[in-house]
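Please find below some notes on this model, set out as numbered points to be read alongside the sequence and the coordinates.

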Amino acid sequence: MNRTVAALMLGFVIAAPYASAQQATGELNAKQLQGRQVFAQSCGVCHLQPSLGVKTYGPPLNKTSAAGNDAVMRVIIANGSDRMPGFKHYLKPAEIDAIVAYLRTVPAPVVRAANEAQK
Ligand code: HEC
């Protein structure tokens, strides 16, 4: 792979989360909007980049997170993991549902970039 191609691909990977963040603000229903707000408040500290290029403590989340399985995602949010706190005493089930509904609207950045590169 030559340098230009590598630089281009890097550009796609870096630009993609930005594009998807913008798209995700498009047409959200009330539940998804609530989810986005709760997510930003409770989860953003670990899962949202404060600015481009900053590495977050938790992985970036999108529709493919938790293997795309809503039930699995609810369990992760409720119980946490070794490195993530659980939220079952802090968030109501409806708020966790709203977060899941919102995250399912966020496109997967790398796959998106690959699709765009093929066009
Ligand atoms: C203290 C930092 C922190 C906070 C706050 C946090 N997370 Fe996490 N989260 C992590 C880490 C780290 C992981 C990676 C899992 C691991 O290594 O155990 C993770 C993993 C996840 C996963 C699994 C991703 C996957 O595909 O496997 C989901 C879903 C998730 N978090 C959702 C949330 C939601 C929703 C909130 C807010 C209610 C939240 N997290 C708050 C740190 C955090």
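1. The shell around the ligand divides into 15 nonpolar, five polar and two charged residues, and this description, like those that follow, refers to a predicted model. Of the 22 residues around the ligand, those that come nearest are Cys 43, Cys 46, Gly 58, Ser 81 and Met 84.

2. As to which elements build this shell, at least two of its residues are supplied by each of α2, α3 and α4. Helix α2 covers residues 30-42, α3 is the run 44-47, and α4 spans residues 70-79.

3. Helix α4 also takes part in a helix pair with α5 (residues 93-103), the two axes coming within 10 Å and crossing at roughly 125°. Angles of 65 to 115 degrees would count as roughly perpendicular and those over 145 as roughly antiparallel, and α4 and α5 are therefore oblique to each other. The crossing in which α4 passes α5 is right-handed.

4. On the α4 side, the contact is made by Asp 70, Met 73, Arg 74, Ile 77 and Ala 78, and these meet Ile 96, Ile 99 and Val 100 of α5. Sorted by character, the residues of this contact comprise six nonpolar and two charged, with no polar residue among them. The general geometry is worth recalling here: an α-helix has 3.6 residues a turn, so residues three or four places apart point the same way.

5. Which residues of α5 are buried? They are Ile 96, Ala 98, Ile 99, Val 100, Tyr 102 and Leu 103, and among them Ile 96, Ile 99 and Val 100 are the residues through which α5 makes its contact with α4. The cover over the buried residues of α5 includes both α2 and α4, and these two helices also each supply at least two residues of the shell around the ligand.

6. The loop between α3 and α4 deserves a look at its backbone, given that most residues other than glycine have a negative phi. Ala 66, which lies in this loop, has a positive phi of about 50° although it is not a glycine. Ala 67 is placed in the loop between α3 and α4 as well, and its phi is near 55°, again a positive value in a residue other than glycine.

7. How exposed are these two alanines, and what are the counts behind the assignment? Ala 66 counts as partly exposed because it has 17 C-beta neighbours inside 10 Å, where 20 or more would make a residue buried and 12 or fewer exposed. Ala 67, with 7 C-beta neighbours inside 10 Å, therefore counts as exposed.

Notes. Residues are numbered from 1 along each chain as its sequence is written. This is a predicted model: local features need pLDDT of at least 70, side-chain atom pairs count only at pLDDT 80 or more; totals for chains, interfaces and linings use all residues. Axes are lines fitted to C-alpha atoms, for helices over the stretch in contact, and angles run from 0 to 180 degrees between N-to-C directions. Helices (H or I, at least four residues) and strands (E, at least two) are DSSP runs, numbered from the N terminus. Angles under 35 degrees count as roughly parallel, over 145 as roughly antiparallel, 65 to 115 as roughly perpendicular and the rest as oblique. A crossing is left-handed if the near helix is turned anticlockwise from the far one by less than a right angle, and right-handed if clockwise. Two residues are in contact if their C-beta atoms, placed from the backbone, lie within 7 Å. Ala, Val, Leu, Ile, Met, Phe, Trp, Tyr, Cys and Pro count as nonpolar, Asp, Glu, Lys and Arg as charged, and the others, Gly among them, as polar. A residue is near a molecule or strand if its C-beta atom, placed from the backbone, lies within 6 Å of it.
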